[in-house]
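Here are some exercises to work through with the model open beside you. Try each task before reading its solution.

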Amino acid sequence: MVSSSHRHADTGLLANRVWRAAAFALASSSLALVVIFADTFLPSNVLEAQSGAVAEIAWTLNAARTGCRNWGTSELGNTTVERSADTCGGRCRQTSGCIGFSYSSACTQRGSCILRSGSCDALSSTCWDQYGMLHDSVAPAAPAIAEAEVADGHSAKAEGGGAKGTGEAAPEDVAKPLPAKPPKLAQQPKLEQAKPPDPGALPKGWPRLSPRAPEGVELPDGWEGPWDYEQPSSEVAASATYGFYLPVFNQAVPAILSLLASVRNFYTDSPTHVLQDGGFIDFGAICVLPRYRCTFEQVPPENSRWNPHSWLLRFHRVAKRLGTTYVIYLEPDVLVRGRHRYPPAFDAGGIYDNFNPQIHQEIAAYMQKLGRKVNPCFKVRWRHFGLAGGSYFRTAAILDAFDGANVRQIDWGGLFKLEGERIYSSDIAMHVALSVRGYTVYPWRDSAQKWNEGPDKDHPEAQAKFALQWPAFNPLAAFAHNHKEHYSDPVPSEEKALLAKHLKTTFRDLFCHGCVWHRGPSLETPIPVKNPQTWDLFPPPDLFDEEYKLKVEELSDEPRHREGPHPSDRCFQAPGETPKVTQAPKPRPLPPTTVAPSSVTSPSKPSAAGLPILAERPPWLVHDDGLVIDARKEMGTGGGILIASTVLVDGRHEWGGAAKRPGWLRAALATNRNHAKHQGHAMVVRWKPTLRFPPPWQEKECDRKENKREIENCWLNLERENFNWEKHEMMINYLNSPEKFTHVFVLDADAVLVQPDHDTVQDMIKELEDAGKDLFLTNEDWIGDVSSLTRINGGLLFAKNTPFTRGLFEDMLDSHWLGPDGISKPRIGGGRMAGCASNEQLCLDSVRHRREFKDKVLIKGGLTYNCGTNDKSMKRLQAADPTLQILHFMGGSKSAALRALCQGGRDLTGEGPRGYGCGA
């Protein structure tokens, strides 16, 4: 067990720190649903029968995004970690008495496999999928079929009639078998993966020709063609994971179904997210089917592909959700021929589109000039774009380059004056966004283009010559763009019925280009589009920083560089390669602690400036925490209720800087202070971190990054996660305080108590007492979907001072301190506690299934006690709705707090327009 003192530092943490022919086709109001037919596509849980018998399916997906309340009593054997749901199903099939299994393909327990001997009491969960066996499980001593299993990757057909081989009827929760022959979809030839690809591989019959440089491109001696660059090492390539992102509209339904099935065929375990940008089709029910297995999201119509702010912000959010090393972006007209053979070598890459006109030299110079602010040796090596369907993107690059704070710096208005409307196309916009952050874009050999008038397929030599001139012509590439020939094929009856069932009867779409723009430090505030159906262009918002303005006269001296990989150019490193130009900053060691000091320091510098802290320091205050107010009626006698918040200055300065705090934070603190004053509570804030940064197991977490920028971004992300854990440490400090508070209320500083004349805290105490619980938490039911009912929000922690709450927060913090393995003997009892290596909210979600947790924790609706901001909640605030007790300005909505709390008709701060909260 970890001593809490091991987690601390004695002093504060110091500072460190294709342009493609894009014709817009408006879908008609009548729905034509269609799909490609070819040879049968069978999911990987199919049992290959011997002697030509009809194939059978061993297990099926009963419910996606679903957990089991009774997992503890229905679990069979121990929880294991398996590579995929198929391997989990194989384990179930070889375990006597197994009738189904739970598999997690998301969240911190990703890969966990739980076998069930009983039915599942279902509840919504974003982390788990539930599968049912369609045949009896067999004992481990099953007939010897190992060779057959190894040969084709499937289990042999099970024998016996009912559960446990007794001939009994299968349990009710096991789904009926799927059809023996699922609907036919386009068959894709699987590519051999056992050996690394031959860089010189050519399609069958093609002659080997001498390489030629694209017209007008000067390249050095020894150049061997467009793919002449160093490939990532096999170790780096093997460790990469891939997710898929498919934005869709109404058209091309059959091609979309075929595409999703192909991805699931060749990338069995890769997460795939489908995003519907307006329109009337809902793919949600389709994504639940095992042959597609994807996640689906329908978002407001913004015609994102022609609106850079919308496109980049959405891509950023999806990449974060997928959580893979790379994201492969798809479009409905992409054909997947097999799994890719050439691992990504740069930050992004797509089609070798030298058939498209280059971007203007001034724009390339602008991209290069800004890119060098981040990466001094950056060069624009590809003057085309090609980032169409079938392109790859490194997630780390997306999370930086497509972040709103960086996208807002781009002078889209200046770019438009030079490039015209095509600058708003997603292909070019992504290239711009990546380049101005110093990321390298260069074509990928596994991304190709279908040519409508290409060379005759019966003349290999003509094809080889054509490919020499146009490298995008590549029959061996895994992903081929511009395959629209199957857009009007028929849709299988099951999919057609599901799609028809969920059609939106009314919808409104947006057609305009360059009309959807956002404002704010992180582009968190969309600018309303007055006429979505117009084709007019709207000017982008003014630049925040004049330094990023495109000034043609200042770009003439920006050097030009040859296109294509350059053997002597080391400005971009292959993934995993040690950077040769920039290195990680030298660490400043922390003062000695009870354990060896950390080898790194936090990227931020703590500051108490701009906070409403009183000069007095009562003896019960810990560390450098500041007292905001103590309105307890019997001060000096102990007890009462404490409201505590962290207000740590982070490396990205989202919570202010060394000299000033943002207006939204001042308004929120003033509002909570006013509530504490009226209801007789104490309130403190923590401005200086107390936990040792980072935990020992994270010290080398960022060493694998490729350059200074990546290393810096990694530490900023780790800092943010570890700052969240400061809330748990604060809870422990004051639950153990000699002041003996009866309850401690740790509340995010962007969450506000909006009923100053009503004691919300006493309501929560009554809820706990009526339920016989010790800890009060909230869900996210204000979002409105099913999964939000069981998702805990970590921004509100209200604890009664009991041995259980003191032990629970110590356990979770110790589990985080020790990393992925967690602690073996939690104070609250039960088995090993893991799942706390990431942020504290995911930790709460991972422990909420424990019996000890369920017995002592009450989870209430966020609509009342922890409601996020949206149109509905803001209207409730304006109407002084008594059922709205706490409003949480989380994420990008923080900037709305100042206006809502200071200009909403009620003075929630209690200080007037010139007070701390609302004054300048």
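Two strands count as paired if DSSP finds at least two bridges between them. Helices (H or I, at least four residues) and strands (E, at least two) are DSSP runs, numbered from the N terminus. The model is predicted, so local features need pLDDT of at least 70 and side-chain atom pairs count only at pLDDT 80 or more, while totals for chains, interfaces and linings use all residues. Residues are numbered from 1 along each chain as its sequence is written, and side-chain values use heavy atoms, with hydrogens and water left out.

**Exercise 1. Confidence**

Find the average pLDDT of the protein, then look at two stretches where the pLDDT is below 50.

*Solution.* Start with the scale: pLDDT is the predictor's confidence in each residue, from 0 to 100. The protein averages 76, and 74% of the residues score at least 70. Next, go to residues 9-56, where the pLDDT is below 50; this stretch has 158 contacts in the model beyond near neighbours in sequence. Contact here means heavy atoms within 4.5 Å. Residues 139-196 also have a pLDDT below 50, with 110 contacts counted beyond near neighbours in sequence.

**Exercise 2. A sheet of 7 strands**

Trace the strand order of the open sheet of 7 strands, then place strand S26 in it.

*Solution.* Step one: the order reads S21-S23-S22-S24-S27-S26-S28, and the pairing is mixed. Step two: strand S21 (626-630) and strand S28 (857-860) are the edge strands, each pairing on one side only. On average, neighbouring strands are turned by 20° against each other, direction ignored.

Step three: look at the partners of S26 (residues 775-779). S26 runs parallel to S28, joined by 4 bridges, and antiparallel to S27, again with 4 bridges. Phe776 has Phe798 as its bridge partner in S27 and stands opposite Leu858 in S28. Thr778 stands opposite Lys860 in S28.

Step four: add the helices. Helix H17 (residues 760-771) lies across strand S22 (641-646), strand S24 (743-747), S26, strand S27 (792-800) and S28, at about 80° to S27. Helix H18 (residues 803-818) lies across S26, S27 and S28, at about 140° to S27. For these angles, axes are lines fitted to C-alpha atoms, for helices over the stretch in contact, and values run from 0 to 180 degrees between N-to-C directions.

**Exercise 3. Burial of S26**

Which residues of S26 lie on each side?

*Solution.* First recall that side chains in a regular strand alternate between the two faces of the sheet. Leu775, Leu777 and Asn779 are on one side and Phe776 and Thr778 on the other, and all are buried. Buried means under 20% relative accessible area, exposed over 50%, and partly exposed in between (1.4 Å probe, protein chains only). With 5 of its 5 residues buried, S26 is therefore largely enclosed by the rest of the structure.

**Exercise 4. A sheet of 6 strands and two loop residues**

Trace the open sheet of 6 strands, then inspect Arg293 and Asn303 in the loops on either side of S12.

*Solution.* The order is S12-S11-S10-S13-S16-S15, with mixed pairing. Strand S12 (295-299) and strand S15 (348-349) have a single partner strand each, so one side of each is left without a neighbour in the sheet. Strand S11 (residues 272-277) runs parallel to S12 through 5 bridges, and Gln276 has Gln298 as its partner there.

Now for the loops. Most residues other than glycine have a negative phi. Arg293, between helix H6 (284-288) and S12, has a positive phi of about 40°. Asn303, between S12 and helix H7 (308-322), has a positive phi of about 45°. Arg293 is partly exposed at 26% relative accessibility, whereas Asn303 is buried at 7%.

**Exercise 5. Nonpolar cores**

Which residues have the most contacts inside the largest nonpolar core?

*Solution.* A nonpolar core is a set of buried Ala, Val, Leu, Ile, Met, Phe, Trp, Tyr and Cys residues joined through side-chain atoms within 4.5 Å. The largest has 49 residues, and Phe315 and Trp412 have the most contacts inside it. Elements giving two or more residues to this core include H7, H8, H11 and H12. A second, separate core of 48 residues includes Ala670, Met764, Trp782 and Ile886.

Finish with H8 (361-374): its buried residues pack against helix H11 (412-419) and helix H12 (426-435).
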